[in-house]
Amino acid sequence: NNWQATTSFLVSRLKGTYSGLANSDEGARTSPGVTRLYDGLYMNFDQKGNVINGRLQSDRPYQFKFQGSYQFKWGTTVGMNFQASSGLLMTSSVSYQTVPVFYKGRGDLGRQSMQSQTDLVVTHDVRLPGRMRLSLQGNVNNLFDQDTVLAIGTAPYRDALTIPGFTGNPGGAFFQTGGFDTDAIQAAANLASSSTGRKNPLYRLPNSWLGARSIRLFAKISF
């Protein structure tokens, strides 16, 4: 009948303490296995010394995908790709000993809104004299030019955290009785010097959006 379609709906859960080879806890590295988890064990604990076990940064509980196409009798084919998924979890982090620490645990900033995107492709072949053929194609990504927010600022402070009394034993700060209070320490540091413990005005503000609509045109002559 000149049409085809495939679809899927995925229900999943990513939970634990290890965020994988690409390490989404560090913004998703591009070199698998290159991570600070082994030399920066502080990344595994919150400010009260609890292991940060929970939903991972790349957790998307629901994902729906649809792909379909239709070929008209005059040779033009129109195809569409649509996907929708849960937004990503956002977690506050502070820099400590050069590594990010989720001092409030995982997902304290909640989950971003559902994300969706629609792409369109149109192709048409034109027969030319002899054995020649002209192939034309137009590809539109983000057809409706949605500007969905994908991420927000997760660093509440511009400056790294320095915990008093633990310069020689930075890991010990996580296991002292009662842990430590990041906000109180940064506030005291800023009171002592305006160049430390500074709040980040971009905290919780959008900093990543779905890419703008793009159109690509393609032409090929076969002979």
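Let's start at a turn: β4 and β5 form a hairpin with five residues between the strands, and in it Gly75 takes a positive phi near 105°. Bear in mind that this is a predicted model. The two strands of that hairpin run antiparallel and are joined by nine bridges. One of the facing pairs is Gln67 with Asn81, the latter in β5.

**The sheet around that hairpin**

Zoom out, and β4 and β5 turn out to belong to an open sheet of six strands, ordered β1-β4-β5-β8-β9-β12 with antiparallel pairing. The edges are β1 (3–11) and β12 (214–222); each has a single partner strand, so one side of each has no neighbour in the sheet. From one strand to the next, the twist averages 10°. As a reminder, strands of a sheet pair through backbone hydrogen bonds, in either the parallel or the antiparallel sense.

Here is how some of the neighbouring strands match up, with an example residue pair for each:

| Strand pair | Bridges | Facing residues |
|---|---|---|
| β1 and β4 | nine, antiparallel | Trp3 and Tyr70 |
| β4 and β5 | nine, antiparallel | Gln67 and Asn81 |
| β5 and β8 | nine, antiparallel | Gln83 and Gln117 |
| β8 and β9 | eight, antiparallel | Asp125 and Ser135 |

There's another hairpin further along. β8 and β9 form it with five residues between them, and a glycine shows up with positive phi here too: Gly130 in the turn, at about 70°. Strand β9 itself covers residues 133–141.

**Two pockets**

Now for the places you might want to put a probe. Which residues sit closest to the centre of the largest pocket? That pocket has a volume of about 390 Å³, and of its 23 lining residues the closest to the centre are Ser24, Asp25, Gly27, Gln57 and Thr154. Three strands, β6 (94–96), β7 (99–101) and β10 (149–152), each supply at least two residues of the lining. Sorted by class, the lining of this largest pocket comes to 11 nonpolar, 10 polar and two charged residues.

The second largest pocket has a volume of about 160 Å³. Its lining is made up of Arg60, Gln63, Phe64, Lys65, Gln83, Ala84, Ser85, Gln115, Ser116, Gln117, Leu150 and Leu210. The elements giving two or more residues to this lining are β4 (62–71), β5 (77–85) and β8 (115–127), and those strands are also part of the six-stranded sheet. Gln83 and Gln117, both on the lining list, are the pair that stands opposite each other, with Gln117 in β8. By class, the second largest pocket is lined by four nonpolar, six polar and two charged residues.

**Aromatic rings**

The model has 10 aromatic pairs. One of them is Tyr42 with Tyr96, an edge-to-face pair at 5.4 Å centre to centre and 85° between the planes. What does that pair tie together? Tyr42 lies in the loop between β2 (15–16) and β3 (54–55), while Tyr96 is in strand β6, so the pair links parts that are 54 residues apart in sequence.

Are these two tyrosines buried or exposed? The cut-off for buried is under 20% relative accessible area. Tyr42, at 17% relative accessibility, counts as buried, and Tyr96 counts as buried at 2%. Ring pairs also carry the picture beyond these two: Tyr42, Phe45, Tyr96, Phe174, Phe175 and Phe180 are linked into a cluster.

**A spot on the helix**

One last stop is Gln186, which has its place in helix α1 (residues 182–192). At 2% relative accessibility, Gln186 counts as buried. The C-alpha atoms of Gln186 and Gly197 are separated by 4.4 Å, with the two residues 11 apart along the chain.

Technical notes. Residues are numbered from 1 along each chain as its sequence is written. This is a predicted model: local features need pLDDT of at least 70, side-chain atom pairs count only at pLDDT 80 or more; totals for chains, interfaces and linings use all residues. Side-chain values use heavy atoms; hydrogens and water are left out. On a 1 Å grid over the protein atoms alone, a cavity is a set of points where a 1.4 Å probe fits but cannot get out, and a pocket is an open set with protein on both sides within 12 Å along at least five of seven lines; lining residues have an atom within 4 Å of a point. Grid points are joined across faces, edges and corners, and a volume is the space filled by probe spheres set on the points. Helices (H or I, at least four residues) and strands (E, at least two) are DSSP runs, numbered from the N terminus. Ala, Val, Leu, Ile, Met, Phe, Trp, Tyr, Cys and Pro count as nonpolar, Asp, Glu, Lys and Arg as charged, and the others, Gly among them, as polar. Two strands pair if DSSP finds at least two bridges between them. Axes are lines fitted to C-alpha atoms, for helices over the stretch in contact, and angles run from 0 to 180 degrees between N-to-C directions. Rings of Phe, Tyr and Trp (its six-membered ring) pair if their centres lie within 6.5 Å; planes under 30 degrees apart count as stacked, over 60 as edge-to-face and the rest as tilted. Buried means under 20% relative accessible area, exposed over 50%, partly exposed in between (1.4 Å probe, protein chains only).
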